[in-house]
Structure formats: structure tokens, C-alpha cells
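Biologist: I am new to this structure. Please take me through one part of it closely, and keep the sentences short.

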Amino acid sequence: MGKNNLIGGSIWEEYSQKVQDLMNNPQNMGEITEEQAKEMGAKLIVADFGAESCGDAVRLYWAVDEKTDKILDAKFKSFGCGTAIASSDTMAELCKGKTVDEAVKITNIDVEKAMRDNPDTPAVPPQKMHCSVMAYDVIKEAAASYKGVDSSSFEDQIIVCECARVSLGTIKEVIKLNDLKTVEQITDFTKAGAFCKSCIKPGGHEEREYYLVDILKETREEMEQNKLTALADAKTAESGEFGFEDLTMVQKLKKVEKIIDDNIREMLIMDGGNLEIVDIRDTDDGYTDIYIRYLGACSGCASSSTGTLYAIEAILREKLSQNIRVLPI
Amino acid sequence: MRVYLDNNATTIVDPYVFETMAPYFCEMYGNPNSLHEFGSETHPALRCAMDQLYTGINANDNDDIVVTSCATESINWVIKGIYFDHIFNGDKNHIITTEVEHPAVIQACRFLETLGVKVTYLPVNSDGIIELDTLRESITQETALVSIMWANNETGMIFPIEEIGKICKEKDVLFHTDATQAIGKVPVDVQKTNIDYLSFSAHKFHGPKGVGALYIKEDKIITSLLSGGEQMSGLRSGTLNVPGIVGMGKAMELAVENLDFEKSNVMKLRDRLEDELLKIPDTFVVGTKKQRTPNTILISIKGIEGEAMLWDLNKAGIAASTGSACASEALESNPVMEAIGAEADLAHTALRLSLSRFTTNEEIDYTIDIINKAVKRLRAISSTYSYAPDWHNSKL
């Protein structure tokens, strides 16, 4: 909400000049015939994505040099709104001169960025992002066809939204690539859930195997997990260089236990005592408090709350962080 | 050339209407409820406007025509007012409407659903009309209100209001009709038909924006939603929109005067446009001409997405409308198109052309030419439509 959203009807005003020009005069519109491909000494690939009943359909033609895998020419046809036409046109342009493997790496974001007038202003309003997502999907279809791979055998090709024919793989990828956080965003980017809405959550028009709410939750969890793994890997790789403060509680506890095992526990055992770590907590004022309980001869020993305690604290502070406090309970 | 064929969205203010309104901005600007000449000098024009409104829909003097800010306000008032008066107190708990109502009706009903009210949305056939038997069967002891539009904004289809009124009377259920698309297009007579509430908006019949009305039958008063001063007998508080009311009155008078013109000339232009467009292969129009308001065409042009068509038309200066999801801010397909469901494609290929008494012959000629050009260009781009090559004898 806010000032800019109160007066509607402005989607056309948010199209970049490039998008408008391509809507009026698409550059790569048309077909490549078998004969034309032959003349170029290339293999003709024709790939379809979407259907008229879904509101968007695009057909991509490639002339591919089989020796080099290079796309010599690309053309498109499209049933769709102006931005679908402009996106398909841009996508075809981006394919030209690339190898098939390179072309598969073109994403909807590349297509959208290529249509911007200046790098910081999106080429289309958010709800029109789906047009470029489809341009991305048809490239994968064309590549699958060229390589003779049955795209339906991929786990990626499970269709979550039948109306807009959006696959599980596309949804997961779009969530990850664009850091999407809501189902509404998924709908904006992929059109999944924009029509009969059955695929959004259980209880809709028809029962589905996959629902957007679940996919979003699982993918977000997966992303979070990946982030943690990456963090942990980074830390293992350069362990020691990382500040104690940056570690998670579990990692802090492990470090503290290791220092105590290596440097302190043996000395306490020599005197007939021991200690256990009861808890470890970060405080609001920046300290890490380690709660310990003395065992054996240590418990009740006068030194346990003075000299011994200071010694333990000093070792931990020296080895790990000056912000550690040790608190016997 | 600029051609305005989006008259179901809004209309040009008739210059006569504008002229009638003009003195009430800078000359006679007093508050009608004030006790001085500045206020009272507005009264003759306001009384005249109320006369024009009462005559326009043939209301009885004991009925109320309460001026509101728009049809959306009138509709919300009826639906939520009925909730306060008949549902909140536990008497009833059910409202019946259709799947093809204006969002004002649908969303007000959806809101009441969150408060526990049961709502039946009657389906429509491929012509976009409800079945009377289904309506009859849906009315129960719990039903507080039936709300069905007089004419549909997208298709122009006219609903059998007289029969619906009879059924509601038979079953002793309150009946509201949203007549926003009917005023000025078909005769609207609240005495000939059993109607308890009727909503409309001035800007759909060449009046100004920001003013509408709710007709309330005698003894069918509902709780006011706008509490405040004593304007409109306390039914709808808020300082009277004097120029708006004066303009709406004049617009109503002209709309009724022009009903015959609408039925002859506007319909003739509409029919010519429709016949010419249907010559384009693979097109269809929703509903028969007779069943529709005289000014509306909802046509599906296979292979061409609605927003792309609007883009080409707009470049040529022609204003039209589409139900296509791609042209909606929320990317949602139009529920009316979905409800009709004649062809799945309709939701994406629908083009709505709506004329008015200001539409000219030349404008229709130009529109036919431009649409043919746009169809040619866009079908050449289309991946779901291909022309037969010239050498194909089969034309397939």
C-alpha cells in the first residue's frame, strides 16, 4: 500500500521503452523451416511451452550446428500479452550465438534484465514477471529436445499448477533464485496458482499432489539448511580465524568443552574433583556466560569460587574470547 | 482518431449535464442544510434532480432514492445493512447472488461469509444467464436477501428481473438488483417489477463520477452505514454533493429520453460492428443480440490474448476492455469469463466493446478496420493460431 498504489490501472506505464518497442515490433518473430535449417547446415528444433487455455503459449525455433552445439538462429511465436511477446523475443535474441548448454543457463532474470532501459529499473511490473519465466521454460524444452532427453522423466517436470503448467522444478528454482517468501510472489513469478487456485493449498477446486504452501515451506527449509551447511563448511575450512562470537551456541559449547577437556579437566581430576557444563548462554550485553557445576572434591572447596574459578575463566578467555564469564552454580 | 468504446467502464459526461452542474461549483456553493440563502438557493435544482430520478425509474413518492457516492457504496449498504437488520440478530443467515455479479456484490458477500453468513453464488449457463429453477430451489427459510444484477457489465446480458422479482415476492424474500449497467440502456420501472432495492451510478449514463443512488421501497428501510448529520432523512449522512446530484438528475432525464435512440441507433451501430467482426474466422460473441443491452459486445478472437489486442487498439486511439487475466493488476482471470466457461479460451481472448449514444458511424468504420489489422498482426505472432498458406486448397 501507500501513495503509489492507491491509484491503479498503471501496468502499461511500468513497461520499459525496450519492452514497448518489442511489443510493437518483435525482432525474432516467425518460424525457421526445415529447408532454412538445412541451408545453414543445422538441425531444426521446435519446442512448445504453455497452451492457449492457460493464457500464454510460446513456440521456440532453433537452428543448431550439430558439430559445435551452437545456436545459429532462433525465432519465436507467442500467444500472450505484450510482455510475453517482448520476453519471448528477447529470449530468442539471447539464445543466438550461444551453445545449447550455455542457452540452458539463461534465466527469466536474464531475460527481464535484458529488457531494462536502465539497470536499476525493472522492465515490467512484478505481476508480469511470469512472462519471462515462460521464456526460460521453453529454452529447457528445446534443449531437452535437442539432446534427446525425455524432459518428463525429470523430477523437475512434475506439474504443480496444471492451469499455467508450472513444474515443481520451476517453482523451486524460482523460489531459490529470487528468494521468494510468499505464495503470492510465486504466483507473480510463475503464474502458478493464478487460475483455479487448486494448487495453492488443500481444499481448493480439485485435489492436488503438491501444494504451493508446502513447496514454499520445504524449499525455504532447504535453503536455510544449505545456508547453515555452507556456514559450517566455511568455518571448518578456516577454523580459528572465525571469531568465537560468530559461532552458533552448539559450536560455542563444543569449543568450550574441548578447551576444558584439553587444559582444565585433568588438573581438577588430579586434585580429586571435576566439573560439568550445565548451560551456556549469550547475554544481551555481549557476554557468553558458561554455567558450571563442580564435582567431587571441587564442590565445596573454597578455591572453587576464587582462584580455581579465575584460572578456568582466564584459560577460556585466552583461548576463545575475552567476553566469556564462568559462573558456578 | 480517438474512439471511446469502453462505455461499460465509464462514459463521457453529456455536455448538457455538465452545463446543468456548472453553476453549483462557484456560484451556488452553499450547503443545502444551512439556513441562509446560500443554502436555500440550491434547493430548486436539488428538488428538480430528485424529480428526475423518481420519474426516471418510476419510483413512488413514498419510496426513497437515497443519493450515495457510487453504486459500490449503494451495494455495500444493502448487503451489509441486511446483515445488521436480519442476520446479526439471528433471524436469518443466507444470501443468494450469482457468480457473475460486479465485484462490489461478490466481495461484500465474501466479507459476510467471514462473519459466518452462508452465501449461494448461482452459476450461469454458456449465455451467462442464471436458471430460474435453480434460484427457486436455493431460497430457504434462512434466506434474507436475493441480489441479482439487471444487466451484466462484461457480456451485456439482461437478466429476467421481472421473473426473479416474482419468485422473491412468492417466497417473501427481499430482492436487490444492481442496475448499474441497465439505466439508460433498457427501461427500468420499479413499480412494474417487484424490486425492494436498486443500485445505480451516474457515470455509467453520461453523468458525473462520484455520485450514485440506492432506491429503497417504502417500508423496506435499512440500517444506515454512514452515521452523522441528518442529510437524506438521516439514511445517508454527509454533506450533499450538490453538483453531482443535479448532474445525475439531468443525466437520468436524458438517459430515459434517449432509450428509443439507444434501442434503434446505438443497437444498429453495435450490430454492424458485431456482424463485421464475426466475419473474422474463429471468433464468437457471448449471448444473442436480443438478450443483451444494445451497446455491448463481448467477442473472443482465437489466438489473440486480450491485453495484446488492447495494446494494438490503444496505439490506434481506440479504447476497449478485456477480461483477460494478463490485463488485470492482480493477474487474476475475470470470474465472469470463468463462470460462463463456454470456451476455456474466453478468459484470455475476450474483447469487450461497449458503445454509447455518442458513438458515430465513422468511429465504427475505423474500429472495424483497426481490429482487422490488429488481428492480422497478432495472429501472425501467435503460436496457437496459424493461417493456412495460400496454396492450401483445403484452407486448413
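Modeller: **The core and the helix that feeds it**

The largest nonpolar core has 91 residues, and those touching the most other members are B:Ile57, B:Val146, B:Ile164, B:Leu198 and B:Phe200. Helix 9 of chain B gives the most to this core: eight residues. The core also draws on two domains of chain B, with at least three residues from each of domain 1 (15-257) and domain 2 (260-381). Bear in mind that this is a predicted model.

Now look at helix 9 itself. Helix 9 of chain B covers residues 242-257, which makes 16 residues. From its first C-alpha to its last, helix 9 reaches 23 Å. That is close to the 22 Å expected at 1.5 Å a residue.

Why is helix 9 of chain B described as largely enclosed by the rest of the structure? Twelve of its 16 residues are buried, so the rest of the structure largely encloses helix 9 of chain B. The buried residues include B:Val242, B:Pro243, B:Gly244 and B:Ile245. Also among them are B:Val246, B:Met248, B:Met252 and B:Leu254. B:Gly247, B:Gly249, B:Ala251 and B:Ala255 are buried too.

The N-terminal end of helix 9 has a cap, B:Asn241. A side-chain oxygen of B:Asn241 lies 3.0 Å from the backbone nitrogen of B:Gly244. B:Gly244 is itself one of the buried residues of the helix.

Next, the aromatic rings. Over all chains, the structure holds seven aromatic pairs. One of them joins A:Tyr15 and B:Trp311. Their ring centres are 6.1 Å apart, with 40° between the planes, and the pair is tilted. This pair crosses between chains. A:Tyr15 sits in the segment before helix 1 (17-24) of chain A, while B:Trp311 belongs to helix 11 (residues 306-315) of chain B. Both A:Tyr15 and B:Trp311 are buried.

Another tilted pair is formed by B:Tyr83 and B:Phe88, at 5.9 Å centre to centre and 55° between the planes. B:Tyr83 is buried, with a relative accessible area of 11%. B:Phe88 counts as exposed, because its relative accessibility is 59% and the cut-off for exposed is over 50%.

A:Tyr15 and B:Trp311 also belong to one aromatic cluster with A:Trp12.

Two rings in chain B have a charge over them. B:Lys80 lies over the face of B:Phe111, 5.1 Å from the ring centre. The charged end of B:Arg379 sits over the ring of B:Tyr385, at 3.8 Å from its centre.

Terms used:
Residues are numbered from 1 along each chain as its sequence is written. Chains are lettered from A and ligands numbered from 1 in the order in which they are written. This is a predicted model: local features need pLDDT of at least 70, side-chain atom pairs count only at pLDDT 80 or more; totals for chains, interfaces and linings use all residues. Side-chain values use heavy atoms; hydrogens and water are left out. Rings of Phe, Tyr and Trp (its six-membered ring) pair if their centres lie within 6.5 Å; planes under 30 degrees apart count as stacked, over 60 as edge-to-face and the rest as tilted. Helices (H or I, at least four residues) and strands (E, at least two) are DSSP runs, numbered from the N terminus. Buried means under 20% relative accessible area, exposed over 50%, partly exposed in between (1.4 Å probe, protein chains only). A charge sits over a ring if NZ of Lys or CZ of Arg is within 6 Å of the ring centre and within 35 degrees of the ring normal. The expected span of a helix is 1.5 Å times one less than its number of residues. A polar contact is a pair of N or O atoms within 3.5 Å; within protein, one must be able to donate a hydrogen and the other to accept it, and residues adjacent in sequence count only if both atoms are side-chain atoms. A nonpolar core is a set of buried Ala, Val, Leu, Ile, Met, Phe, Trp, Tyr and Cys residues joined through side-chain atoms within 4.5 Å. Domain bounds come from an automatic or database domain assignment.
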